[in-house]
Amino acid sequence: MSRTLAIIKPDAVESGYAGKILAHLQDRGFRILAMRMTRLMAEQASVFYAVHRGRPFYSELVEFMTSGPVIPIALERDSAVAMLREVIGATDPAEAADGTIRKLYAESKGRNAIHASDSDENAAREVAFFFAAADLLA
Ligand code: CMP
């Protein structure tokens, strides 16, 4: 078993898709270890997305991720990082495979419904960004 972090982004929370996305994740074998709803401050979003600083879309990304509530979710299953990336689909919903979360619920490359960690190392960092060890189901 391994862990990853998903974030239901402001577009999907605002559109009322959070429940459907949670059900989709559970149907694909993910166990929810912890979740909450929060609104990020710009400073938090810039720390979380520090790896993207300097990219042309960076300020748009921080602005969007602070524009409304988000739902970070710590998830567990086998091959959690790779499996979550498969289940959410490509960054751009126009390129996402049928049946993926981004194909079903995302609006655009920027407003793309859900975030997923891209490596085990980043998953550990990102889970710890939102949750204390005591918040996670044993
Ligand atoms: P996410 O996986 O959360 O991590 C980085 C985010 O940057 C990515 O999702 C996209 O939402 C966003 N992103 C990547 N490329 C672009 C782009 N060309 N224009 C706008 N946003 C982008």
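**Figure 1. Val81 and the residues it touches.** Leaving out residues up to four places away in sequence, Val81 touches Arg3, Thr4, Ser117, Asp118, Ser119, Asp120 and Ala123; contact here means heavy atoms within 4.5 Å. This is a predicted model, so local features need pLDDT of at least 70 and side-chain atom pairs count only at pLDDT 80 or more, while totals for chains, interfaces and linings use all residues. Residues are numbered from 1 along each chain as its sequence is written, and side-chain values use heavy atoms, with hydrogens and water left out. Val81 sits in helix α5. With 9% relative accessibility, Val81 counts as buried (buried is under 20% relative accessible area, exposed is over 50%, and partly exposed is in between, with a 1.4 Å probe and protein chains only). If you look for Asp27, 54 residues away along the chain, its C-alpha atom is 16 Å from that of Val81.

**Figure 2. Helix α5 and its buried face.** Val81 has buried company in this helix: the buried residues of α5 are Ala80, Val81, Leu84, Val87 and Ile88. Viewed down the helix axis, these residues fall within an arc of 130°, so they line one face of α5; the arc is that of the directions from the helix axis to the C-beta atoms. Who does the covering? The cover over the buried residues of α5 includes β1 (2-8), α2, β3, α6, β4 and α7. Helices (H or I, at least four residues) and strands (E, at least two) are DSSP runs, numbered from the N terminus. Just after α5 comes Gly89, with a positive phi near 90°.

**Figure 3. Ser79, in the loop leading into α5.** Ser79 is found in the loop between β3 (71-77) and α5 (80-88). Its phi is near 45°, which is a positive value in a residue other than glycine. Is Ser79 buried, partly exposed or exposed? Ser79 has a relative accessible area of 45%, so it is partly exposed.

**Figure 4. Ser117, in the loop between β4 and α7.** Ser117, one of the residues that Val81 touches, has its place in the loop between β4 (114-116) and α7 (120-130). Ser117 counts as buried because its relative accessibility is 0%. Setting aside residues up to four places away in sequence, Ser117 touches Thr4, Leu5, Val81, Arg85, Asn122, Ala123 and Glu126.

**Figure 5. Two residues from the loop between α6 and β4.** Ala113 lies in the loop between α6 (101-105) and β4. Ala113 is not a glycine, yet its phi is positive, at about 70°. With a relative accessible area of 0%, Ala113 is buried. Ser108 is found in the loop between α6 and β4 too, but at 29% relative accessibility Ser108 counts as partly exposed. Neighbours within four places in sequence aside, Ser108 is in contact with Thr91 and Pro93. Ala94 is 14 residues from Ser108 along the chain, and their C-alpha atoms are separated by 7.5 Å.

**Figure 6. The two sides of helix α2.** Which residues of α2 are buried? In this helix (residues 18-27), they are Ala18, Ile21, Leu22, His24 and Leu25. Those residues cover an arc of only 160° around the axis, which puts them on the same side of α2. The face turned away from that buried side carries the exposed residues Lys20 and Asp27. Gly29 follows α2, and its phi is positive, near 90°.

**Figure 7. The whole chain, as a backdrop for the close-ups.** The protein chain has 7 helices and 4 strands, and from the N terminus on its elements run β-α-α-β-α-α-β-α-α-β-α. Along its principal axes, the C-alpha trace spans about 35 × 35 × 25 Å. A compact globule of 138 residues would have a radius of gyration near 14 Å, and the chain agrees with its 14 Å (taken over C-alpha atoms; the globule rule is 2.2 Å times the number of residues to the power 0.38). Buried residues make up 48% of the 138 residues. Of the contacts between residues at least 6 apart in sequence, 76% join residues at least 24 apart.
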